[in-house]
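Here are my notes on the model, set out as numbered points. I hope they are handy to have beside the viewer as you look around.

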Amino acid sequence: MKNLFLVVLCALVMALLTSNVQEINAQTPPPITCDAQRLASCAGTILFGTRPAFNSTCCKGLRQQEPCFCQFKNNPTYGQFITSPNAQIFPSACNVTIPTNC
Ligand SMILES: *[C@@H]1O[C@H](CO)[C@@H](O)[C@H](O)[C@H]1NC(C)=O
Ligand SMILES: *[C@@H]1O[C@H](CO)[C@@H](O)[C@H](O)[C@H]1NC(C)=O
């Protein structure tokens, strides 16, 4: 009798845990696709230090790709979009954060 009770209890706990996990998963937004080419429209800023408009294609792309910046840092073509001194224009112009510790 006691064993059966324990088994049922375990099943209940497992069911609760599983449903919680599913709830957390459902609340997580879909992962964004990292696409360094979306930074291409920011080339003027990197090359010439021009300040992009807050709603420009450049800034919109940066805001969308912000979670990917650390990954882009190692990209041979687009790494400089994160590491160049001119990239420091982006935080104030586009309201994105350029990571310094990755
Ligand atoms: C950027 O676009 C959004 C939505 O279209 C608008 O609400 C906002 O005022 C714009 N900001 C600037 C600085 O143009
Ligand atoms: C800038 O980004 C922060 C954090 O993501 C956000 O809270 C704030 O509303 C943004 N400001 C503008 C002007 O979009």
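1. Let me begin with tyrosine 78, which sits in the loop between H4 and helix H5 (80–83). This is a predicted model, so please take the distances here and below as computed from predicted coordinates. At 14% relative accessibility, tyrosine 78 falls under the 20% limit and therefore counts as buried. Setting aside neighbours within four places in sequence, tyrosine 78 has contacts with Ala36, Gln37, Leu39, Ala40 and Phe72. For one of these, alanine 36, the C-alpha atoms are separated by 6.4 Å, although the two residues are 42 apart along the chain.

2. Tyrosine 78 also takes part in an aromatic pair, and the structure holds 1 such pair. The partner is phenylalanine 81: the ring centres are 5.2 Å apart and the planes meet at 55°, so the pair is described as tilted. The angle does not go over 60 degrees, which is why edge-to-face would be the wrong label here. Phenylalanine 81 is buried too, with a relative accessible area of 7%.

3. Now to aspartate 35, in the loop between H1 and helix H2 (43–48). Is aspartate 35 buried, partly exposed or exposed? Its relative accessibility is 33%, so aspartate 35 counts as partly exposed. Not counting residues up to four places away in sequence, aspartate 35 touches Gln65 and Phe72. Phe72 is also among the contacts of tyrosine 78. Aspartate 35 and cysteine 68 are 33 residues apart along the chain, and their C-alpha atoms are separated by 8.2 Å.

4. Helix H3 (residues 57–65) deserves a look of its own. Its buried residues are Cys58, Cys59, Gly61, Leu62 and Gln65. They cover an arc of only 160° around the axis, which means that they lie on the same side of H3. The cover over these residues includes helix H4 (69–72) and H6. Gln65, one of the buried residues of H3, is also a residue that aspartate 35 touches.

5. Lysine 60 belongs to helix H3 as well, but it is not on the list of buried residues. Its relative accessible area is 47%, so lysine 60 is partly exposed. From lysine 60 to serine 41 the C-alpha distance is 9.9 Å, with their positions 19 residues apart in sequence counted as the separation.

6. Two further places involve the loop before H3 and the helix itself. Alanine 53 lies in the loop between H2 and H3 and, at 49% relative accessibility, counts as partly exposed. Alanine 53 and phenylalanine 90 are 37 residues apart in sequence and 9.9 Å apart in space, taken from C-alpha to C-alpha. If you look at charges and rings, arginine 63 lies over the face of phenylalanine 54, at 4.1 Å from the ring centre.

7. Which residue other than glycine has a positive phi? Asparagine 95 does, with phi near 60°. Most residues other than glycine have a negative phi. Asparagine 95 is placed in the segment after helix H6 (89–94), and its 56% relative accessibility is over 50%, so it counts as exposed.

8. A few words on the whole chain. The protein has 6 helices and 0 strands, so to speak a plain α-α-α-α-α-α run from the N terminus on. Of its 102 residues, 28% count as buried. Among contacts with a separation of 6 or more, 68% are between residues 24 or more positions apart. The accessible surface comes to about 7,100 Å², and carbon and sulfur atoms make up 61% of it.

9. Finally, a friendly word on confidence. The mean pLDDT of the protein is 83, and 71% of the residues reach 70 or more. Where is confidence lowest, and where is it highest? The lowest is in helix H1 (residues 2–27), at a mean of 52, and the highest is in H6, at 98. Over residues 16–23 pLDDT stays under 50, and the model has 0 contacts beyond four places in sequence for them. Where pLDDT is low, the predicted coordinates should not be read in detail.

How values were computed:
Residues numbered from 1 in each chain as written. Chains lettered and ligands numbered in written order. Predicted model: local features only at pLDDT ≥ 70, side-chain atom pairs only at ≥ 80, totals over all residues. Heavy atoms only, no water. Helix = DSSP H or I, 4+ residues; strand = E, 2+ residues; numbered from the N terminus. Buried < 20%, exposed > 50% of the residue type's maximum accessible area, 1.4 Å probe, protein only. Contact = heavy atoms within 4.5 Å. Areas by Shrake-Rupley, 256 points an atom, 1.4 Å probe, with all protein chains shown as cover. Phe/Tyr/Trp six-rings, centres within 6.5 Å; stacked < 30°, edge-to-face > 60°. Lys NZ or Arg CZ within 6 Å of the ring centre and 35° of its normal. pLDDT = per-residue confidence, 0-100. Arc of directions from axis to C-beta.
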